[in-house]
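Visitor: I should like to learn how to read the features of a structural model. May we go through one together, term by term?

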Amino acid sequence: MAEERAALIATLADLETQLIRSVTIAGRLSPETFLEEAEALDLIMRLRRELET
């Protein structure tokens with residue numbers, strides 16, 4: 001169980017990194033896309049933090 005949790009946390013951290021890049025790019029291109037990407041990033045960050053506690 002602990003290994004699965006650690007693997008999930010690592011996956012979420014990778015997604016977070018990718019979404020940070022997407023948010024940065026979207027911020028330059030489209031306000032609507034920026035908001036969608038930022039919401040996804042927020043969700044991933046909250047999930048990762050929840051699992052880390």
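Guide: Let us begin with helices and strands, which are DSSP runs numbered from the N terminus: helices are runs of H or I with at least four residues, and strands are runs of E with at least two. This is a predicted model, in which local features need pLDDT of at least 70 and side-chain atom pairs count only at pLDDT 80 or more, while totals for chains, interfaces and linings use all residues. Residues are numbered from 1 along each chain as its sequence is written, and side-chain values use heavy atoms, with hydrogens and water left out.

Visitor: How many helices and strands are there in the chain?

Guide: The chain has 2 helices and 0 strands.

Visitor: How does one read a salt bridge, and how many does the structure hold?

Guide: Side chains of opposite charge can pair when their charged atoms come close. The term salt bridge is used for a side-chain nitrogen of Lys or Arg within 4 Å of a carboxyl oxygen of Asp or Glu. The structure holds 3 such pairs. In one of them, Arg48 pairs with Glu16, and the closest N and O atoms are 2.6 Å apart. Arg48 belongs to helix H2 (residues 31–52) and Glu16 to helix H1 (residues 2–29), so this salt bridge ties together parts that are 32 residues apart in sequence.

Visitor: Which residues does Asp42 and Glu52 each pair with?

Guide: Asp42 forms a salt bridge with Arg46, with 2.9 Å between the closest N and O atoms. Asp42 and Arg46 are 4 residues apart in helix H2, so about one helical turn separates them. Glu52 forms a salt bridge with Arg48, where the closest N and O atoms are 3.1 Å apart. Glu52 and Arg48 are likewise 4 residues apart in helix H2, a separation of about one helical turn. Through shared partners, salt bridges join Glu16, Arg48 and Glu52 into one network.

Visitor: Are the residues of these pairs buried or exposed?

Guide: Relative accessible area decides the matter: under 20% is buried, over 50% is exposed, and partly exposed lies in between, using a 1.4 Å probe and protein chains only. Arg48, at 13% relative accessibility, counts as buried, and Glu16, at 11%, counts as buried too. Asp42 is partly exposed at 37%, and Glu52 is partly exposed at 46%. Of the 53 residues of the chain, 19% count as buried.

Visitor: How is the overall form of the chain to be read?

Guide: One guide is the radius of gyration, taken over C-alpha atoms; the globule rule is 2.2 Å times the number of residues to the power 0.38. A compact globule of 53 residues would have a value near 10 Å, but the chain has 13 Å. Along the principal axes, the C-alpha atoms fill a box of roughly 40 × 15 × 10 Å.

Visitor: What do distances in sequence and in space say about individual residues?

Guide: Two pairs serve as examples. Leu43, placed in helix H2, is 10 residues from Thr33 in sequence and 15 Å from Thr33 in space, C-alpha to C-alpha. Thr24, in helix H1, is 13 residues from Glu37 in sequence and 9.2 Å from Glu37 in space, C-alpha to C-alpha. Both Leu43, at 43% relative accessibility, and Thr24, at 40%, count as partly exposed.
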